[in-house]
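Reader: I am in my first year and new to protein structures. Please give me a close look at a single part, and tell me how it sits in the rest.

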Amino acid sequence: MTAPSATKIDLLLLGLLLDRPMHGYELYQQIQAEGIDAWFAVSMAGVYYSLGKLRDQGLVVESRQRGQRSARKSIYRLTEEGRAAFFAAMEAQAASQDIAHLDYDVVIYLLNKLPLRRAISLLEQHQAFLAERAQAVHADLEAERIRGGSPLKTAVLDHKRRYLEMERGW
């Protein structure tokens, strides 16, 4: 896998597998436990789809292991190629000069197609949603700081908070 072909979920899973081998559900549980799913759209189906793709590309190997209730679990382990692909993709993403596109901009562009009162009402609803999200992210950020949590998780939450504040200010 070359760095540009790695999706963001591929990058996330490769990065998580750097720490230790895991099964798919365990990866998804870690994503939820770390709160990654609050700022990165990922589903369990997406995790398994990406793991299958990474396995087919030789970036992870899958081994079957008997679980506690005699069900067999697939454990995924990073290969050396997977480790190299992670670092290449990480470098490419970190150095990316891609322009961020905001999906809501399409709504803003087409607002004039709605009756004025409806457009204003919808903007007010969106403003209330942004305020609620900003408050929740701020609470998560403060809790993470008090807990003395990961500086990187704190940075992500702070980035999300600042984005929401910028969007609300607009």
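Author: Start with a cut-off. A residue is called exposed when its relative accessible area is over 50%, buried when that area is under 20%, and partly exposed in between. Keep in mind that this is a predicted model.

Now use the cut-off. N112 has a relative accessible area of 60%, so N112 is exposed. N112 is in the loop between helix 5 (104-110) and helix 6 (116-147). E80 also has a relative accessibility of 60%, so E80 counts as exposed. E80 is not in that loop; its place is in helix 4 (residues 80-94).

The part to look at closely is helix 7, which covers residues 151-169. Begin with L164, a residue of helix 7. Is L164 buried or exposed? The relative accessible area of L164 is 4%, and because this is under 20%, L164 is buried. What does L164 touch, apart from neighbours within four places in sequence? Its contacts there are L130, R133, A134 and V137. Look up the span of helix 6: it runs from 116 to 147. These four partners of L164 therefore carry numbers inside helix 6.

Next, K153. K153 also lies in helix 7. Set aside residues up to four places away in sequence, and K153 touches A33, E34, G35 and E144. One of these partners, E34, deserves a second look. A polar atom of the K153 side chain lies 2.8 Å from the backbone oxygen of E34. Note which atom of E34 is involved: the oxygen belongs to the backbone.

Then look across the model from helix 7. The C-alpha atoms of L164 and G82 are 34 Å apart, and the two residues are separated by 82 residues along the chain. E167 and E80 are 87 residues apart in sequence, with 41 Å between their C-alpha atoms. For another long span, go back to the loop residue N112. N112 and Y48 are 64 residues apart in sequence and 42 Å apart in space, C-alpha to C-alpha.

Now step back to the whole chain. The protein chain has seven helices and three strands. From the N terminus on, they run α-β-α-α-β-β-α-α-α-α. The radius of gyration is 20 Å, well over the 15 Å that the globule rule gives for 170 residues, so the protein chain is more spread out than a compact globule. Its C-alpha atoms fill a box of roughly 60 × 35 × 35 Å along the principal axes.

Burial and contacts complete the picture. Of the 170 residues in the protein chain, 32% are buried; L164 is one of the buried residues. Take the contacts with a separation of 6 or more: residues 24 or more positions apart account for 51% of them. The protein chain exposes about 11400 Å², and carbon and sulfur atoms supply 55% of that area.

Charges come last. The protein chain has 22 positive and 21 negative side chains. The centres of the two sets lie 6 Å apart.

Definitions and conventions. Residues numbered from 1 in each chain as written. Predicted model: local features only at pLDDT ≥ 70, side-chain atom pairs only at ≥ 80, totals over all residues. Heavy atoms only, no water. Helix = DSSP H or I, 4+ residues; strand = E, 2+ residues; numbered from the N terminus. Rg over C-alpha atoms; globule rule 2.2 N^0.38 Å. Buried < 20%, exposed > 50% of the residue type's maximum accessible area, 1.4 Å probe, protein only. Contact = heavy atoms within 4.5 Å. Areas by Shrake-Rupley, 256 points an atom, 1.4 Å probe, with all protein chains shown as cover. Lys, Arg positive; Asp, Glu negative; His and termini not counted. Charge placed at Lys NZ, Arg CZ, Asp CG, Glu CD. Polar contact = N/O pair within 3.5 Å; in protein donor to acceptor, adjacent residues only side chain to side chain.
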